[in-house]
Amino acid sequence: MKILLFFAALLIACTGSSGERAQRPVATMDADAVETGSPTLPRDTVRQQLSATALSMERQGMVNIQSVDPTIRVSLMYSRPDNFTGRVLYDDLREGYLHPKAARALAMAQQRLKELHPDLSLIIFDATRPMSIQQKMWDVVKGTSKNIYVSNPARGGGMHNYGMAVDISICRENGDTIPMGALVDHMSNLSHIDHEDVLVRTKRMTAEARANRQLLREVMAVGGFKPLRTEWWHFNLCTREEAKRNYKVIR
């Protein structure tokens, strides 16, 4: 009997109680960690490291573009002051978010670009835009000739506010964008796509820039995106009417 009690006590000391095992946190391991033996942070911890705006995007159903295709570059222009407003609008956002449908469509466009030019990549300058940020942009242009470039929040905003639009260009492996005839966010007819031949003929834009714009439109069309007439960098996946009918505004 004493021998049996001794072995029972030894077993408990080695394994611990079931309650202790349940309370002890277990770090998950991804594929790379399995190779190296290094544990990764628990998923909940990783989510807590996201900014308040990023977490809000995810709660509203948006997905990080790079979680769908990590090869797509992201450089949000409204997280820096070098944009048409002259100030930072995204205080805590660095990731690009889209509606899952738009993110998948963008991955198709990236795949096509890589097939044509393996050394090039799509680069995102803006994606899903909360309506609060849309209002700040509108306040800058309302009452000016530039108001045609910004959707009025009072009228439902634009496709960015539904996660169904991107401001996008093409970059090289080092991150430098290729010539497009005008910078992203440039508000003049140099950015319009309906008279590019005239711009080239009058030497206001190079033939190379026109060809680059055509390449961007070609690959974006593979994903179902349509260009905006007044902004060579802006592409919508659906119409405003479809967005209002089928999707929710992002706050």
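Student: What makes the approach between the side chain of glutamine 110 and the backbone nitrogen of leucine 122 a polar contact?

Tutor: A polar atom of the glutamine 110 side chain lies 2.9 Å from the backbone nitrogen of leucine 122, and a polar contact is a pair of N or O atoms within 3.5 Å, where within protein one must be able to donate a hydrogen and the other to accept it, and residues adjacent in sequence count only if both atoms are side-chain atoms. This is a predicted model, in which local features need pLDDT of at least 70 and side-chain atom pairs count only at pLDDT 80 or more, while totals for chains, interfaces and linings use all residues. Residues are numbered from 1 along each chain as its sequence is written, and side-chain values use heavy atoms, with hydrogens and water left out.

Student: Why is glutamine 110 called buried or exposed?

Tutor: Glutamine 110 has 0% relative accessibility and therefore counts as buried, given that buried means under 20% relative accessible area, exposed over 50%, and partly exposed in between (1.4 Å probe, protein chains only). Glutamine 110 sits in helix 7, residues 100-116, where helices (H or I, at least four residues) and strands (E, at least two) are DSSP runs numbered from the N terminus. With neighbours within four places in sequence set aside, glutamine 110 is in contact (heavy atoms within 4.5 Å) with Asp69, Thr71, Ile72, Ser121 and Leu122.

Student: Which residues have the most contacts inside the largest nonpolar core, and what makes it a core?

Tutor: They are Leu106, Leu122, Val166 and Met220, in a core of 65 residues, the term standing for a set of buried Ala, Val, Leu, Ile, Met, Phe, Trp, Tyr and Cys residues joined through side-chain atoms within 4.5 Å. Helix 7 gives the largest share of this core, six residues. Beyond residues up to four places away in sequence, leucine 106 touches, among others, Ile65, Leu122, Val166 and Met220.

Student: What is noteworthy about phi in aspartate 185?

Tutor: Phi of aspartate 185 is near 85 degrees, a positive value in a residue other than glycine. Most residues other than glycine have a negative phi. Aspartate 185 belongs to the loop between strand 5 (165-172) and helix 9 (196-201), and at 12% relative accessibility it counts as buried.

Student: How do you know whether lysine 203 is buried or exposed?

Tutor: The relative accessible area of lysine 203 is 78%, so lysine 203 is exposed. Lysine 203 lies in the loop between helix 9 and helix 10 (207-222), and its phi, near 60 degrees, is positive in a residue other than glycine.

Student: Why is arginine 94 placed in its accessibility class?

Tutor: A relative accessible area of 47% makes arginine 94 partly exposed. Arginine 94 is found in the loop between strand 2 (73-74) and strand 3 (97-98), and a polar atom of the arginine 94 side chain lies 3.4 Å from the backbone oxygen of tyrosine 90.

Student: What makes asparagine 212 buried or exposed?

Tutor: Asparagine 212 is buried because its relative accessible area is 11%. Asparagine 212 lies in helix 10, and its C-alpha is 8.2 Å from that of isoleucine 170, although the two are 42 residues apart in sequence.

Student: How do you know how much confidence the predictor places in the model?

Tutor: The average pLDDT, the predictor's confidence in each residue from 0 to 100, is 86 for the protein, and 81% of the residues score at least 70. Over residues 1-41, however, the pLDDT is below 50, and this stretch has 18 contacts in the model beyond near neighbours in sequence.
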